[in-house]
Amino acid sequence: MSVTATIRIQEADFDAAQEIAALTRGRTDIGAVVTFSGICRGSENGEPIAALTLEHYPGMAEAEIGRHADEALSRWPLQGLTIIHRFGRIAPGENIVLVVTASPHRQAAFEAAEFLMDYLKTNAPFWKREESQKGTSWIEARDHDDAAAARWTKS
């Protein structure tokens with residue numbers, strides 16, 4: 001059976017439970033589902049955050065995420081994959097991203113979800129602007145995120 005990833009980039013919020021139900025409904029070939037939900041924090045380095053604003057290149061973002069989804073599908077025996085990434089202004093406590101991986105066994109589901117989140121955190125074509133009491137600033141990539149993503153590079 002060929003697996004096609006569901007990829008959505010949207011301004012609206014999402015319901016993780018509904019997405020899991022949609023992916024697994026009527027399926028008996030799935031033994032493990034792993035989800036990662038990224039949520040906007042209310043502070044960074046002890047400083048309150050008012051919101052994050054995420055921008056993206058429509059079309060390019062979907063294609064790039066699709067390319068990495070295809071890589072995950074080729075590297076792990078997944079039975080289902082959903083990736084949702086929001087854009088626009090996101091307040092603390094609101095959802096930013098959801099990755100759902102489904103596989104017959106847990107290890108593949110965990111590894112694929114981790115691979116995809118490491119990619120999304122470091123290389124997905126999104127730009128984040130943080131609003132705080134000090135004003136607004138663009139968020140730069142962090143070395144520890146780059147190191148996490150580098151471990152998936154094929155030698």
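Visitor: Why does Arg129 count as partly exposed?

Guide: The relative accessibility of Arg129 is 23%; buried means under 20% relative accessible area and exposed over 50%, with partly exposed in between (1.4 Å probe, protein chains only), so Arg129 falls into the middle class. This is a predicted model, in which local features need pLDDT of at least 70 and side-chain atom pairs count only at pLDDT 80 or more, while totals for chains, interfaces and linings use all residues. Residues are numbered from 1 along each chain as its sequence is written, and side-chain values use heavy atoms, with hydrogens and water left out.

Visitor: How do you know that the side chains of Arg129 and Glu55 meet in a salt bridge?

Guide: Their N-to-O distance is 3.2 Å, and a salt bridge requires a side-chain nitrogen of Lys or Arg within 4 Å of a carboxyl oxygen of Asp or Glu, so the pair qualifies. Glu55 is likewise partly exposed, at 35% relative accessible area. The partners are 74 residues apart, with Arg129 in strand β8 (residues 126-132) and Glu55 in strand β4, where strands are DSSP runs of E with at least two residues and helices are runs of H or I with at least four, numbered from the N terminus. The structure holds nine salt bridges.

Visitor: What makes Asp13, Arg86 and Glu94 a network of salt bridges?

Guide: Arg86 takes part in two pairings that meet the salt-bridge criterion, one with Asp13, whose closest N and O atoms are 3.9 Å apart, and one with Glu94, at 3.8 Å from N to O; the three residues are thereby linked. The first of these pairs connects strand β5, which holds Arg86, to the loop between β1 and α1, which holds Asp13, 73 residues away.

Visitor: Is Arg86 buried or exposed?

Guide: With a relative accessible area of 5%, Arg86 is buried, whereas Asp13, at 45%, and Glu94, at 30%, are both partly exposed.

Visitor: What makes β1 and β2 edge strands?

Guide: Four strands form an open sheet of mixed pairing in the order β1-β5-β7-β2, two strands being paired if DSSP finds at least two bridges between them. β1 (6-10) and β2 each have a single partner strand, so one side of each is left without a neighbour in the sheet. On average, neighbouring strands are turned by 5° against each other, direction ignored.

Visitor: How do you know that β2 and β7 pair?

Guide: They share eight bridges in the antiparallel sense, and since at least two are needed, the pairing is established. Ala32, for instance, has Ser103 in β7 as its bridge partner.

Visitor: Why is the set around Ile83 and Leu120 called a nonpolar core?

Guide: The term stands for buried Ala, Val, Leu, Ile, Met, Phe, Trp, Tyr and Cys residues joined through side-chain atoms within 4.5 Å; the largest such set here has 32 residues, with Ile83 and Leu120 having the most contacts inside it. Among the elements that supply at least two residues each are α2 (60-75), β5 (80-86) and α3 (106-122), and α3 gives the largest share, nine residues. Apart from this core lies another, of seven residues, including Phe14 and Ile30.

Visitor: Which residues does Ile83 contact beyond its neighbours within four places in sequence?

Guide: Taking contact as heavy atoms within 4.5 Å, Ile83 touches Thr6, Ile7, Arg8, Ile65, Ala69, Leu98, Val99, Leu116 and Leu120.

Terms used
Axes are lines fitted to C-alpha atoms, for helices over the stretch in contact, and angles run from 0 to 180 degrees between N-to-C directions.
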